[in-house]
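Q: Hi, I'm new to this one and would like a walk through it. Could we begin with the surface and then go into the details?

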Amino acid sequence: MRTLRFNCWLSSFLFVSLTLFLARVTTPQAQYINISNSEEYSEEPDLAVGSDLSLHIVWSEVTGGIGKIIYRQWKDGEWSSPFQVSDGLHNATVPSISVLDTEHIWIAWQENHANISRVVTVVTDGVIWDRYPIAPEIEGNQLNPFAYFRADGSRWVSWTDSDSSVYVANEIENWVPFTHESCFGIGGNLLCESPLGLTLFSSRLDADWLCHYVATIWNGSSWIDPGGEPSEASAPLAGVSRGGSSLVHLAALPGALPPCPCWHLLYTPWEAPTGWGPAEVLSKTFSEWWTCQDASIAVDNDDQPIVSYVYQELDELFETTRRDLVIARRSELGWYWEYSDLAIEDDVRSPDVEYFVGVPAVTWSQMVGGNREIMLSAAISGLEDSPITLKRDFRIWPNPSHGIVNFAIDNVQQAPIQLEVVNILGQRVRSLAFGRGQRVISWDGIDTRGASLGSGIYYARIQPAEGPVVTKEFIRLR
């Protein structure tokens, strides 16, 4: 019996080990790639995935004060050259892209014409690029465009105006008469396919002047309300992505606003025809003052949401002390987080996420070598001489500290990694350890004897799995 149990245990162990080994071999590993790689100011990237396993990126690049919309694609292991899709004569910003495959690409952006913003689009069949404005007869500004390709090949675009009204246009039928006033100036014009048809997600004031998130369905000739329970809206919708056969995943800012400039991200599902599900806090914080911003959302192969966002920490004067690019993923056990751990001077902005070849693909804007560039993290081959190693750091905050002090490193792949706190005499006063996947350790200033350490200069020392010992100084105040 003991031999049988051992053999069963050994078989199970070998099976699990082989599974993990094969997963490691077959699952692509992401790398960081400089997509723009130019001397211009590049920002506002948007990402799309084609059904032919192609990856498409569009962004705004400023030259001489004029924003140009630049497009690039990856397919079959090769990158296209950067291609300018705007005319270069008018200031073009805020691009949005939707694709079916490399022969069906739909891009929209807002363009300044005599101080009036117009939504301009470009569509291609893989050879010819056709550029034209959307709904030129509509007066006033057209802002925050959202491009959307339906599976039937029809092309749609939504936008808002200066009064927060929402509009939708169809490229084939031209203008689709629909408008309503959103509660917020942005984030109120997100298009998505649902079991009920093309769906517009937005926010709207009701008869009692309360703001709710609403879904509006295009039935082929008009926009209708599908019913269902509404969801209270406290800030603009940040993203929408269809998952499975019925769920739409949304990230919204914020929940209840604390008495500080602190903003959480919330996840809320919507299911036709019952309406909105309960909200979940998807962001995680490590300090007293913070914001979570610039959210984008996608779903993985299990129809679980993936959210990219910028986590920003503030000091007592509400000045930024660090910014991180964060990937929040949801499993059956709850939310978990992955950090790119970008240094504050890189000033990461506007991340956008899609799920591509088994891992999240994320693009964002940041400073690289004195230029603002468009970066990509994806499990694909890179550009020659363009993959880079992002600055990673061992950080301590707050510093000086009056109470709790936090130590942060990259995601730990091997556990444990020891952290030692030593005094100016080199004496070890406390030992801590990062567990696997643990990024932050908080310490209350208590030494190995249980006593609170006095004011002075101390050093935190870690031994990473690879590389030399890293030591950093911090100051403790009583």
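A: Gladly, and please keep in mind that this is a predicted model. The protein exposes about 22500 Å², and carbon and sulfur atoms supply 52% of that area.

Q: And what does the secondary structure come to?
A: The protein has one helix and 38 strands. Of its 478 residues, 49% are buried.

Q: Let's pick a strand, then: how many residues of β26 are buried?
A: Ten of the ten residues in β26, which spans residues 305-314, are buried, so the strand is largely enclosed by the rest of the structure. Both of its faces are covered, with P305, V307, Y309, Y311 and E313 buried on one side, and I306, S308, V310, Q312 and L314 buried on the other.

Q: Which strands does β26 pair with?
A: Strand β25, residues 290-299, pairs with β26 in the antiparallel sense over eight bridges, and one of the bridge partners is V310 in β26, which is matched with Q293. Nine bridges join β26 to strand β27, residues 320-331, and these two also run antiparallel; here V307 has A328 in β27 as its bridge partner.

Q: What about the hairpins, where is phi positive there?
A: In the hairpin of β25 and β26, which has five residues between the strands, D303 takes a positive phi near 60°. The hairpin of β26 and β27 has five residues between its strands, and there F318 takes a positive phi near 65°.

Q: Changing topic, where is V94, and is it buried or partly exposed?
A: V94 is located in strand β7, residues 92-101, and is partly exposed, with a relative accessible area of 23%. Its phi is near 50°, a positive value in a residue other than glycine.

How values were computed:
Residues numbered from 1 in each chain as written. Predicted model: local features only at pLDDT ≥ 70, side-chain atom pairs only at ≥ 80, totals over all residues. Heavy atoms only, no water. Helix = DSSP H or I, 4+ residues; strand = E, 2+ residues; numbered from the N terminus. Buried < 20%, exposed > 50% of the residue type's maximum accessible area, 1.4 Å probe, protein only. Areas by Shrake-Rupley, 256 points an atom, 1.4 Å probe, with all protein chains shown as cover. Pairing = 2+ DSSP bridges.
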